[in-house]
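Let's take a friendly walk through this protein, from its outer surface to its core and then to one residue of interest. Have the structure open beside you as you read.

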Amino acid sequence: MSQVETLFRNALSYVKSGSGSVQPSQSQQLSMYALFKQAENGQNETSRPSAFDFVGRAKWDAWKKLGNMSREEAMQKYIEVLDSIEPDWRKTCGESAPVSAPLHQPKPALEARGDHRPAGGASVPLITLERYSEERLAVVRM
């Protein structure tokens, strides 16, 4: 295992553990997801998700944009993104840290939350739909 791959595995362990005080932005999370997929699977050759799968489609697009980037370069860039978010992560993660499973899944694109009571109306579920904008990789609440 190369030094970059070992460091990448340690970075995955760190991210999966939920350690650290800084929360990455959604665009950073999307970038990390795409770099992870490229490092683990290589070039994206899967079919594009349905237009109704907003999160899946945003993740697929981010991964597809990496093109034929090498796996080692994707590992290195993943480490660089984590370094920019959490500069001290390496101090908490020794070289012998266990290899982790894939990154945690982001929150669902469609989420129903409790009861919402409009003025003078009956109780109805409140549904939040999030859509990722391709240009900015940001969430638009509808």
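About 8,800 Å² of the protein chain is exposed, and carbon and sulfur atoms supply 52% of that area. Bear in mind that this is a predicted model. Turning inward, 35% of the chain's 142 residues count as buried.

The protein chain has 4 helices and 3 strands. Along the sequence they follow the pattern α-α-α-α-β-β-β. If we take the contacts between residues at least 6 apart in sequence, 64% of them join residues at least 24 apart.

Now for the interior. The largest nonpolar core has 27 residues, and those touching the most other members are Phe-8, Met-32, Leu-35, Tyr-78, Ile-79, Leu-82 and Trp-89. At least two residues of this core come from each of these helices:

| Helix | Residue range |
|---|---|
| α1 | residues 3–17 |
| α2 | residues 26–41 |
| α3 | residues 54–64 |
| α4 | residues 71–85 |

Leu-82 is a good place to zoom in. Leaving aside residues up to four places away in sequence, Leu-82 touches Ala-11, Tyr-14, Val-15, Met-32, Pro-87 and Trp-89.

Next, have a look at Asn-41, which lies in helix α2. Is Asn-41 buried, exposed or partly exposed? Its relative accessible area is 40%, so Asn-41 falls between the 20% and 50% cut-offs and counts as partly exposed. Residues up to four places away in sequence aside, Asn-41 touches Trp-63 and Arg-71. Asn-41 and Arg-71 are 30 residues apart along the chain, with 7.9 Å separating their C-alpha atoms.

Definitions and conventions
Residues numbered from 1 in each chain as written. Predicted model: local features only at pLDDT ≥ 70, side-chain atom pairs only at ≥ 80, totals over all residues. Heavy atoms only, no water. Helix = DSSP H or I, 4+ residues; strand = E, 2+ residues; numbered from the N terminus. Buried < 20%, exposed > 50% of the residue type's maximum accessible area, 1.4 Å probe, protein only. Contact = heavy atoms within 4.5 Å. Areas by Shrake-Rupley, 256 points an atom, 1.4 Å probe, with all protein chains shown as cover. Core = buried A, V, L, I, M, F, W, Y, C linked by side-chain atoms within 4.5 Å.
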